[in-house]
Amino acid sequence: MSIQFRITLMFALLLCLVMGVSAVLINSFLLDNLIEQQKNELNLKGRFWIEKMNESNVKIETEGVAELEKLLVSNRKIEVLLLGKKKKVLYTSLPSSNLNEWMDALVRKVEKRQNRNIWMVGSDDYVVVNLPFKNDEKQRLILASPVRGLKDIRMEMTNNILLIVLIGAVSTILLSFFITRSMVQPLHKLTREIKKVQARRFSDVKLIPARGEIAEVSNSVYSMAQELDRFHEIQRQFLQNASHELKTPLMSIQGYAEGIRDGVFVGDAAEKGFDVIVEETNRLKHIVTEIILLAKLEGEENLFDPSWHSATDLVTRAIERLHPLQLQHNVTISVRPTKTNDIVYVDEGKFLQALLNIIGNALRHAKDQITIEIKPGKRQLQIEVQDDGEGIPEELLPHLFHRFVKGKNGDVGLGLAISRAIIERSHGRLQAENGPLHGAVFHIILPIYSQPEN
């Protein structure tokens, strides 16, 4: 059973339960309310007639009875019993056959002091009002209305209420069905899109329009599919680039090794072949080492051993290690340290490797000058590396930190990817852009923590 029908069924059952309980309570209290209203009505009319009789000299047997009958005209049957002294019947609308039963009921009620509002006369119940007449307890006005008529009224009112409630319930259930349908339909569409993710058809996933929490889930699924699609494409390019990078040195090694084995290269040519084999083997080893390091950085836990270090000191040490490359390219490196707190919490060796990759990349592309500035803030510290080279091509900028992406004069194409992985594992960010005038600018952004006193 679909969720739409389950929600509608649960709502209908709950509504039926509420309606049933309400019907029982209405049916129970309605009769009591009608009896109370009838009693108040009889009491009001009876007292009004008695007061009118007390103020006038109208005879009870003629004009008084006529006034009382006019007063009691209604859509319900009302019996009248007017008793004088010694229980003499002055007037009654009761049949003579029932008069004795009423007199006996009157005696029983007085003797037993039971409920004087509901009398059982014969097989019928009556709502009764027993009032003294002309300030004389021995003269009584008794007005009675059969409960059976009130029960009929109750049944009619209950049926009307139930009919109205039933119509409202059916309308509410239909409305809830369509509302639930409008909520469930996006879920059905979302299920189809999730199945596309399961089948790895990431590019086919569409954004399902919805509202509320379902819209958040839809946006999350769509964003996840896009991210998986990009990751899948990066993995595919990684395999292609890795195979290409590994294939080139292997072909050189294979070619020279077979040439030396078959006697094609002899003497100086064979010596040159051996040098190429060693050089390509070292290159191959370097590529494999960086691939393994990148895989560890992205997958392994407990790989970092962070401690407190000065950012200025780390930058200075990285420049010292790159001094031979700096002399080779004849580039000046100027550092603008900070006088305020520059303490960062990083793994010393790995963060130095990230700095070596970034500054070394700047050395390969700079013309004459590299500027490194350390900018501490309230919560973050920024290391800015700017060169005066040609800058980063716009088409390369979005993919700069992907694996095996090489620019002009690039090496393997893993250095910046490794640097980004190291900085992100240090809870920081690595960003790159072209400077406002010329050259590329790399921003290393790290959080600043409170250093323990020890």
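**Helix faces, a surface patch and an open sheet**

In the predicted model, helix α7 spans residues 311-321, and its buried residues are A311, T312, L314, V315, A318 and I319. Viewed along the axis of α7, these buried residues fall within an arc of 165°, so they line one face of the helix. An α-helix has 3.6 residues a turn, so residues three or four places apart point the same way. The exposed residues E320 and R321 sit on the face of α7 that is turned away from the buried side.

A nonpolar patch on the surface is formed by L14, L17, V18, V21, L25 and F29. Together these residues have about 590 Å² of accessible area. One member of the patch, V18, belongs to helix α1, which covers residues 3-55. V18 has a relative accessible area of 46% and is therefore classed as partly exposed, since that class lies between the limits of 20% for buried and 50% for exposed residues.

Helix α1 also contains V24. The relative accessibility of V24 is 57%, so this residue counts as exposed. In sequence, V24 is separated from T158 by 134 residues, while the C-alpha atoms of V24 and T158 are 9.9 Å apart in space.

A second pair of positions involves helix α3 (residues 96-112), in which N100 is located. N100 counts as exposed because its relative accessibility is 55%, the cut-off being over 50%. N100 and V121 are 21 residues apart along the sequence, and their C-alpha to C-alpha distance is 10.0 Å.

The model further contains an open sheet of 5 strands with mixed pairing, arranged in the order β7-β9-β10-β12-β11. The edges of this sheet are occupied by β7 (332-336) and β11 (429-434). Each of these two strands has a single partner strand, so one side of each is left without a neighbour in the sheet. On average, and with direction ignored, neighbouring strands of the sheet are turned by 15° against each other.

At the β11 edge, the pairing is with strand β12 (residues 440-447). The two strands run in the antiparallel sense and are joined over 6 bridges. Within this part of the sheet, Q431 stands opposite H443, a residue of β12.

Key. Residues are numbered from 1 along each chain as its sequence is written. This is a predicted model: local features need pLDDT of at least 70, side-chain atom pairs count only at pLDDT 80 or more; totals for chains, interfaces and linings use all residues. Side-chain values use heavy atoms; hydrogens and water are left out. Buried means under 20% relative accessible area, exposed over 50%, partly exposed in between (1.4 Å probe, protein chains only). Helices (H or I, at least four residues) and strands (E, at least two) are DSSP runs, numbered from the N terminus. The arc is that of the directions from the helix axis to the C-beta atoms. Patches are made of residues with over 30% relative accessible area and no salt bridge: like charges are joined within 9 Å, nonpolar side chains (Val, Leu, Ile, Met, Phe, Trp, Tyr) within 5 Å. Accessible areas come from the Shrake-Rupley method with a 1.4 Å probe; for residues, only the protein chains shown count as cover. A salt bridge is a side-chain nitrogen of Lys or Arg within 4 Å of a carboxyl oxygen of Asp or Glu. Two strands pair if DSSP finds at least two bridges between them. Axes are lines fitted to C-alpha atoms, for helices over the stretch in contact, and angles run from 0 to 180 degrees between N-to-C directions.
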